[in-house]
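The following exercises introduce a single protein chain through worked solutions. Please study the sequence and the structure before reading on.

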Amino acid sequence: MEKDVRQTARSAFDRLQLPVQVTLESLTRHVEKIRRRPIMIVQSEKLTGTNICGLWIPREKVDVVYHSAAQGTLHRQQLILHELSHMILRHDERVEASWQGVKVFRELSGEVVAKALARGDFRSDLEAAAEHLADLMAAAIRESSREIYRYEAYFE
């Protein structure tokens with residue numbers, strides 16, 4: 001099972017055909033082109049980071065990524081990359097909404113939120129694949145950075 005999840009993430013990453021230099025912003029724009037719709041990223045005080053740290057809501061004309069307050073730049077990046085991974089893996093097309101009338105954000109219908117929350121089991125294959133893909137994208141961002149983060153690189 002884990003090998004399948006890793007392969008799914010690796011295949012999705014390879015299909016992205018990212019350039020050598022990539023940032024969170026350029027990757028977000030790339031996903032916008034793939035999905036043919038804008039992506040809005042919003043920090044939300046309603047997400048406390050205990051049960052849910054990030055939430056992707058596909059709206060009628062925009063994909064909205066909500067994330068909790070992060071413990072730093074890399075934490076924020078990982079929260080966003082995880083939600084972008086769900087988009088890339090097209091999890092909105094694979095998850096059946098079973099909760100009716102659920103309200104998390106007043107402006108969103110229960111059906112929309114239910115679809116997002118239906119993938120809330122972090123041990124599921126959907127979540128594991130999204131996290132593996134997020135890790136691959138984070139590595140691409142790290143490796144393409146012009147700044148030196150590895151201690152050993154200062155001596156190369």
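Ile-41 stands opposite Val-65 in strand 3. This is a predicted model, in which local features need pLDDT of at least 70 and side-chain atom pairs count only at pLDDT 80 or more, while totals for chains, interfaces and linings use all residues. Residues are numbered from 1 along each chain as its sequence is written, and side-chain values use heavy atoms, without hydrogens and water.

**Exercise 1. Describe how the strands are arranged in the sheet.**

Step 1. Strands (E, at least two residues) and helices (H or I, at least four) are DSSP runs numbered from the N terminus. Two strands pair if DSSP finds at least two bridges between them.

Step 2. Strand 1 and strand 3 (residues 63-67) run parallel and are joined by 5 bridges. Besides the pair named at the outset, Gln-43 has His-67 of strand 3 as its bridge partner.

Step 3. Strand 2 pairs with strand 3 in the antiparallel sense, over 5 bridges; here Pro-58 stands opposite Asp-63. A hairpin of 4 residues joins these two strands.

Step 4. The result is an open sheet of 3 strands with mixed pairing, in the order 1-3-2. Strand 1 (39-43) and strand 2 (54-58) each have a single partner strand and stand at the edges, so one side of each lacks a neighbour in the sheet. From one strand to the next, the twist averages 20°.

**Exercise 2. Determine which helices pack on the sheet, and at what angles.**

Step 1. A contact means heavy atoms within 4.5 Å. Axes are lines fitted to C-alpha atoms, for helices over the stretch in contact, and angles between N-to-C directions run from 0 to 180 degrees.

Step 2. Helix 2 (residues 24-35) touches strand 1, strand 2 and strand 3, and its direction makes about 135° with that of strand 1.

Step 3. Helix 3 (residues 73-88) also touches strand 1, strand 2 and strand 3; its direction makes about 145° with that of strand 3.

**Exercise 3. Is strand 3 buried or exposed?**

Step 1. Buried means under 20% relative accessible area, exposed over 50%, and partly exposed in between (1.4 Å probe, protein chains only).

Step 2. In strand 3, 5 of its 5 residues are buried. Asp-63, Val-65 and His-67 lie on one side and Val-64 and Tyr-66 on the other, so that both faces are covered.

Step 3. Across the chain of 156 residues, 42% count as buried.

**Exercise 4. Identify the elements that supply the largest nonpolar core.**

Step 1. A nonpolar core is a set of buried Ala, Val, Leu, Ile, Met, Phe, Trp, Tyr and Cys residues joined through side-chain atoms within 4.5 Å.

Step 2. The largest such core has 26 residues, and Leu-81, Leu-84, Leu-133 and Met-137 have the most contacts inside it.

Step 3. At least two residues each come from helix 1 (2-16), helix 2, helix 3 and helix 5 (125-144). Helix 5 gives the most, with 8 residues.

Step 4. Beyond four places in sequence, Met-137 touches Phe-13, Leu-16, Leu-27, Leu-81, Ser-85 and Ile-88.

**Exercise 5. State how confident the prediction is.**

Step 1. pLDDT is the predictor's confidence in each residue, from 0 to 100. Its mean over the chain is 80, and 72% of the residues reach 70 or more.

Step 2. Residues 96-106 stay under 50, and the model has 22 contacts for them beyond four places in sequence. Residues 117-121 are also below 50, with 14 contacts beyond near neighbours in sequence.
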